[in-house]
Amino acid sequence: MAKIFKKIYIAIFIAILVTPCAAFSVSGSSAELPVLVEDSGLNTDFSGEAEDAFESNMPLKDEMITLNSLIKSKVFKSESANVITGSGGQLFYSETTDDYINASQMSAREIFSSAKTLALISEYCQSQGAGFTFAAVSNKNSVLGEYMPYNFVQGSGGNLENLSGALSDMGVNQAEIYGALTNAENRDSLYYKTDTHWNSYGAYIGFSQIISSLGAAMPQELANLTEADFETANGRSTDLSSLLFTALDLQESSLQLKNSEFLTDKIKITIRGADTTDTVKLLAQIDDKDEDFSQIKTTCAASGANGSLLMLRDSFCRAMLPYFAYTYKEALFLKSAELNAYIYDLAEYDDFVYEIVERNLENIIESRQLIPAPERELGEVSLENQNGGTITANTDYSDYVMISGEIDAGYISDDSCIYIRLTDSQTNESRCYEAFPAQSDGGVLQYYMTLPAAEQAQYYAELIVDSAVVATAEISF
């Protein structure tokens, strides 16, 4: 009997190996197959070309990937296609695992630099008469950790918590989204089970916290909604199930606002390249991988709409967008982590929101905020080194000049501030500016600042960390 089972096992194994090849041979594929011996001699790239031809034209490829994912997720409950299968039918994005178990915590310097970046944006907003709030959207497993596999142990004191504390210390306004989500009466109803994102109800809670932190007026129709004001709506395709089961178009129903026609009836959406002006269709078509949706403008004719909004967003804003569009008379949503104040004049907006999901918090210091640097008054400074960093001026931009460089790690502490002092070589007039702290993907400590373009002049530039000069250079712009 044992020998029979072995033979069956071997036969199945061979069949699995042979099936793709057999299917490829009878499929009538038009793929051009490589040859081992060419006119010029032996084809040394034969193996690579054969692999590419087979992979790109293999019949039943999606079906076999889907079968593999089904076995891994349903039988072995293991990670597949960047998806973790939890209990209760919940799927989680594997790239959020490090946040969940605190495996890749941002350093104290990175937390400070992120908070300082947001503090400088907030200061600039205030100078332009615009309200500011930072909105960090929690990863799904941060809120629904009880559904993660047992071998993943949730950590404490993670990046989101540490950044929130640093922002509080600096007095930067922020929306308390994580607390509102975790304190919801029924947390299971906030997210799609097979998607990384929240549904309309979870998005409403996030939206409410943002509006509250801004002190903006909430339209009466949207005030104090509860889960009872939402109903299960038609299903839609979800991102995690699409990653797992590429050959299947699985749909998941979730909560949507009841009688939501009042939202879309009063909203007009403008999207570059859109083939329709129908608000409902446009909202359904938003695709964050499509460059046309990187900038979305809305106007609202509702009597309760007030003011204007500029918002840096990611994909989590899609479900919040109708609420914001109904709240503000005018709104502009930019899919970006970078604010360019030389293009978007904050003086024209009542409120500014910087929204980003928890797993991407490191993008804050890897991005570049194009805002005129604030002037600072410094006391006595000491000369530590003239070569402890670099100073360069980039004049390739029409509206501004960027001064940036790197700093030797030995001159930076966790909470060091960075300044650039410029002395005009002709007038000997000096001005000091605070720069944005930054960091490269490789962990190199950097800084940058921008100033409006002006007539070219020669400057003696000093790079100052806290109260010590660590580098000097002659620059012109």
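This is a guided tour of a few places to select in the structure, which is a predicted model.

**First stop: a group of rings**

Begin by selecting Tyr 201, Tyr 204, Phe 207, Phe 230, Tyr 323 and Phe 324, which ring pairs link into a cluster. The count for the structure comes to 14 aromatic pairs. One of them is formed by Tyr 204 and Phe 230, a tilted pair whose rings are 6.1 Å apart from centre to centre, with 55° between the planes. Since Tyr 204 lies in helix H9 (residues 200–214) and Phe 230 in strand E6 (residues 230–232), the pair ties together parts that are 26 residues apart in sequence.

Keep Tyr 204 selected and add Tyr 323: the ring centres are 5.7 Å apart and the planes stand at 75°, so this pair is edge-to-face, given that planes over 60 degrees apart count as such. Here, too, distant parts of the chain are linked, because Tyr 204 is in helix H9 whereas Tyr 323 is in helix H13 (residues 321–327), 119 residues away. Are these two tyrosines buried or exposed? Tyr 204 has a relative accessibility of 4% and therefore counts as buried, and Tyr 323, with a relative accessible area of 2%, is buried as well. Phe 230 is also buried.

**Second stop: a charge over a ring**

Now select Phe 92 together with Lys 140, and turn the view until the ring can be seen clearly. Lys 140 lies over the face of Phe 92, at 5.3 Å from the ring centre.

**Third stop: an open sheet**

Next, show the open sheet of five strands, which has the order E15-E23-E22-E18-E19 and mixed pairing. Strand E15 (382–383) and strand E19 (430–434) stand at the edges with a single partner strand each, so one side of each is left without a neighbour in the sheet. In general, strands of a sheet pair through backbone hydrogen bonds, either parallel or antiparallel. To follow one such pairing, select strand E18 (residues 418–424) beside E19, where the two run in the antiparallel sense over five bridges. Within this part of the sheet, Arg 421 has Cys 432 in E19 as its bridge partner.

**Last stop: Glu 366**

Finally, select Glu 366, which lies in helix H14 (residues 363–366). Glu 366 has a relative accessibility of 33% and so counts as partly exposed. Leaving aside residues up to four places away in sequence, Glu 366 touches Gln 439 and Asp 441. You can also draw a distance from Glu 366 to Ala 337: the two are 29 residues apart in sequence and 9.2 Å apart in space, C-alpha to C-alpha.

Methods. Residues are numbered from 1 along each chain as its sequence is written. This is a predicted model: local features need pLDDT of at least 70, side-chain atom pairs count only at pLDDT 80 or more; totals for chains, interfaces and linings use all residues. Side-chain values use heavy atoms; hydrogens and water are left out. Helices (H or I, at least four residues) and strands (E, at least two) are DSSP runs, numbered from the N terminus. Buried means under 20% relative accessible area, exposed over 50%, partly exposed in between (1.4 Å probe, protein chains only). Contact means heavy atoms within 4.5 Å. Two strands pair if DSSP finds at least two bridges between them. Rings of Phe, Tyr and Trp (its six-membered ring) pair if their centres lie within 6.5 Å; planes under 30 degrees apart count as stacked, over 60 as edge-to-face and the rest as tilted. A charge sits over a ring if NZ of Lys or CZ of Arg is within 6 Å of the ring centre and within 35 degrees of the ring normal.
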